[in-house]
Amino acid sequence: TLRGATVDGLVASGHTVLALDIRGTGALGPSVGESGYSPAYQFAARAWLLAASGRVEEARSQLRKWLSDAESVEDAKIWELVGALDAAVRLGDADLARQLSSPLKAVAHVASGGFLALVSVGRLLGASAELQGDHGSARSLYEVALVAAEEIRFRPEVALNRLPLGE
């Protein structure tokens with residue numbers, strides 16, 4: 001519950017419930033300031049959830065606000081950037097993806113926690129490179145991501161990395 005309201009009650013009263021806090025606090029998330037997560041994480045998570053649910057303009061607006069409010073994307077935590085980049089890629093927004101990719105290039109070989117599961121940073125960077133029209137870099141990044149996913153034997157991410165490689 002959130003302040004005594006049940007999920008069913010919130011949905012019945014017209015609220016959109018995007019996710020539940022899996023930590024068990026009962027807080028609906030990501031509502032900025034209510035779940036205990038940092039505001040930067042919550043903004044990025046909300047953008048990802050909006051993008052995943054097809055609410056494109058709201059997601060794009062959320063990402064732009066997150067980027068404009070940030071003192072520096074370079075100072076953001078990896079999971080915030082990974083989630084925000086995932087949202088930008090889902091939106092097919094080359095400009096947002098380009099802005100979010102720069103600080104992650106040094107960790108292309110890493111599998112990091114996304115908002116719902118482990119993701120290969122290189123796969124998201126590869127998708128961003130594709131949006132920029134740089135297919136050579138995209139292929140290289142997908143290959144790096146594939147190695148990272150195979151090393152930890154995370155089969156869903158292995159499959160997602162093989163898909164753009166045509167394997």
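Trainee: Why is Arg-64 called partly exposed?

Mentor: This is a predicted model, and in it Arg-64 has 45% relative accessibility. Buried means under 20%, exposed means over 50%, and partly exposed lies in between. So Arg-64 counts as partly exposed.

Trainee: What makes Arg-64 and Asp-93 a salt bridge?

Mentor: Their closest N and O atoms are 3.7 Å apart. The cut-off is within 4 Å. The pair therefore qualifies.

Trainee: Which parts does that pair tie together?

Mentor: Arg-64 lies in helix H3, and Asp-93 lies in the loop between H4 and helix H5 (94-101). These parts are 29 residues apart in sequence.

Trainee: Is Asp-93 buried or exposed, and how do you know?

Mentor: Asp-93 has a relative accessible area of 9%. That is under 20%, so Asp-93 is buried.

Trainee: What about Arg-60, buried or exposed?

Mentor: Arg-60 sits in helix H3 (residues 56-69). Its relative accessibility is 14%, so Arg-60 counts as buried. Setting aside neighbours within four places in sequence, Arg-60 is in contact with Leu-91, Asp-93 and Leu-96.

Trainee: How do you know that Arg-55 and Glu-58 form a salt bridge?

Mentor: The closest N and O atoms are 2.6 Å apart. That is within 4 Å, so the pair counts. Arg-55 is partly exposed at 27%, and Glu-58 is partly exposed at 39%.

Trainee: Why are Asp-86 and Arg-90 said to be separated by about one helical turn?

Mentor: Because they are four residues apart in helix H4. Their side chains meet in a salt bridge, at 3.6 Å from N to O. Asp-86 is buried, with a relative accessible area of 12%. Arg-90 counts as partly exposed at 46%.

Trainee: Which residues do shared salt-bridge partners join into one network?

Mentor: Glu-57, Arg-60, Arg-64 and Asp-93. The whole structure has ten salt bridges.

Trainee: Why are H4 and H6 called oblique to each other?

Mentor: The axes of helix H4 (residues 78-91) and helix H6 (residues 121-132) cross at roughly 40°. Roughly parallel needs an angle under 35 degrees, and roughly perpendicular runs from 65 to 115. The crossing fits neither, so H4 and H6 are oblique. The axes come within 10 Å, and H4 passes H6 in a left-handed crossing.

Trainee: Which residues make that contact?

Mentor: From H4, they are Ile-78, Val-82, Leu-85, Asp-86, Ala-88 and Val-89. From H6, they are Val-121, Leu-124, Leu-125, Ala-127, Ser-128 and Leu-131. By class, the contact has ten nonpolar, one polar and one charged residues.

Notes. Residues are numbered from 1 along each chain as its sequence is written. This is a predicted model: local features need pLDDT of at least 70, side-chain atom pairs count only at pLDDT 80 or more; totals for chains, interfaces and linings use all residues. Side-chain values use heavy atoms; hydrogens and water are left out. Axes are lines fitted to C-alpha atoms, for helices over the stretch in contact, and angles run from 0 to 180 degrees between N-to-C directions. Helices (H or I, at least four residues) and strands (E, at least two) are DSSP runs, numbered from the N terminus. Angles under 35 degrees count as roughly parallel, over 145 as roughly antiparallel, 65 to 115 as roughly perpendicular and the rest as oblique. A crossing is left-handed if the near helix is turned anticlockwise from the far one by less than a right angle, and right-handed if clockwise. Contact means heavy atoms within 4.5 Å. Ala, Val, Leu, Ile, Met, Phe, Trp, Tyr, Cys and Pro count as nonpolar, Asp, Glu, Lys and Arg as charged, and the others, Gly among them, as polar. Buried means under 20% relative accessible area, exposed over 50%, partly exposed in between (1.4 Å probe, protein chains only).
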